Amino acid sequence: MGEGEENVEDKKVMDISLKDLSKILEEFAQARDWEKHQSPRNLLLAMVGEVGELSEIFQWRGEVEKGLPNWENADKEHLGEELSDVLLYLIRLADICEIDLADAATKKIVKNAIKYPVASTH
């Protein structure tokens, strides 16, 4: 671990913000001199590759029940890893593009609420 880097594996983080994850990813990339390779295009293509890996997990399972009750723990762990890969690339891509992802997502939820109002039962 580089100076100032926390060992994230040593603790289970229950609640972490997108900004915290962004900072961790930025420090991770800087410590490895990866920033020169992390263009928006490269990050997007890497994320698409991870979405493909995520899709493979579900490819031949058909529909699955909410909560994945019939899945082995190892399968759920693998799913969590692939979901995390997609999330981390998305956060890094937003950061490199100088998009506040939390703000953009919040605004999108508001737009969707207006576009798709709750149906009146009266």
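Is Asp33 buried, partly exposed or exposed? Select Asp33 and have a look before reading on. Asp33 has a relative accessible area of 47%, so it counts as partly exposed. Keep in mind that what you have open is a predicted model.

**Stop 1: the whole chain**

Zoom out and show the cartoon. You'll find four helices and zero strands. Walking from the N terminus, the elements go α-α-α-α. Of the 122 residues in the chain, 16% count as buried. Now think about who touches whom: among contacts between residues at least 6 apart in sequence, 65% join residues at least 24 apart.

**Stop 2: just before α1**

Select Ile16, which sits in the segment before α1. Ile16 has a relative accessible area of 31%, so it is partly exposed. Show what surrounds it: leaving aside neighbours within four places in sequence, Ile16 is in contact with Leu21 and Ile24.

**Stop 3: α1**

Next, select residues 18-31, which make up α1. At 1.5 Å a residue, the 14 residues of this helix should span 20 Å, and the end C-alpha atoms are indeed 20 Å apart, which agrees. Try it with your viewer's distance tool.

Now colour Leu21, Ser22, Leu25 and Ala29, the buried residues of α1. Turn the model until you look down the axis of α1: these buried residues fall within an arc of 100 degrees, so they line one face of the helix. Why can residues that are spread along a helix end up on one side? An α-helix has 3.6 residues a turn, so residues three or four places apart point the same way.

Swing round to the other side of α1 and pick Lys19 and Ala31, which are exposed. Then flip back: α3, residues 73-96, is part of what covers the buried residues of α1.

**Stop 4: where α1 meets α3**

Show α1 and α3 together. Their axes come within 9 Å and cross at roughly 85 degrees. The two helices are therefore roughly perpendicular to each other. Turn on side chains where they meet. From α1, pick Leu18, Leu21, Ser22, Leu25, Glu26 and Ala29; from α3, pick Leu87, Leu88, Ile91, Arg92 and Asp95. Leu21, Ser22, Leu25 and Ala29 should ring a bell, as they are the buried residues you coloured in α1.

**Stop 5: the loop between α1 and α2**

Go back to Asp33, which follows α1 and lies in the loop between α1 and α2. What is the phi of Asp33? It is near 55 degrees, a positive value in a residue other than glycine.

Carry on along this loop to Gln38. Is Gln38 buried or exposed? Its relative accessible area is 15%, so Gln38 is buried. Show its side chain together with that of Arg92: the two make a polar contact at 2.7 Å. Not counting residues up to four places away in sequence, Gln38 touches Ala29, Leu43, Arg92 and Ile96.

**Stop 6: α2**

Select residues 40-58 for α2. This helix has 19 residues and reaches 27 Å from its first C-alpha to its last, close to the 27 Å expected at 1.5 Å a residue. Colour its buried residues: Leu43, Met47, Glu50, Leu54 and Ile57. Seen down the axis of α2, they fall within an arc of 60 degrees, so they line one face of the helix. Turned away from that buried side is a face carrying the exposed residues Arg41 and Glu56. What covers the buried residues of α2 includes α3.

**Stop 7: α3**

Time to look at α3 by itself. It has 24 residues and reaches 34 Å from first C-alpha to last, close to the 34 Å expected at 1.5 Å a residue. The residues to colour here are Leu79, Glu82, Val86, Ile91, Arg92, Leu93 and Ala94, the buried ones of α3. Which helices do they pack against? Bring up α1, α2 and α4 (101-115) to see the partners.

**Last stop: Glu98**

Finish with Glu98, which follows α3 and has its place in the loop between α3 and α4. Glu98 has a positive phi of about 55 degrees although it is not a glycine. At 73% relative accessibility, Glu98 counts as exposed, whereas Asp33, where you started, is partly exposed.

Methods. Residues are numbered from 1 along each chain as its sequence is written. This is a predicted model: local features need pLDDT of at least 70, side-chain atom pairs count only at pLDDT 80 or more; totals for chains, interfaces and linings use all residues. Side-chain values use heavy atoms; hydrogens and water are left out. Buried means under 20% relative accessible area, exposed over 50%, partly exposed in between (1.4 Å probe, protein chains only). A polar contact is a pair of N or O atoms within 3.5 Å; within protein, one must be able to donate a hydrogen and the other to accept it, and residues adjacent in sequence count only if both atoms are side-chain atoms. Contact means heavy atoms within 4.5 Å. The expected span of a helix is 1.5 Å times one less than its number of residues. The arc is that of the directions from the helix axis to the C-beta atoms. Axes are lines fitted to C-alpha atoms, for helices over the stretch in contact, and angles run from 0 to 180 degrees between N-to-C directions. Angles under 35 degrees count as roughly parallel, over 145 as roughly antiparallel, 65 to 115 as roughly perpendicular and the rest as oblique.
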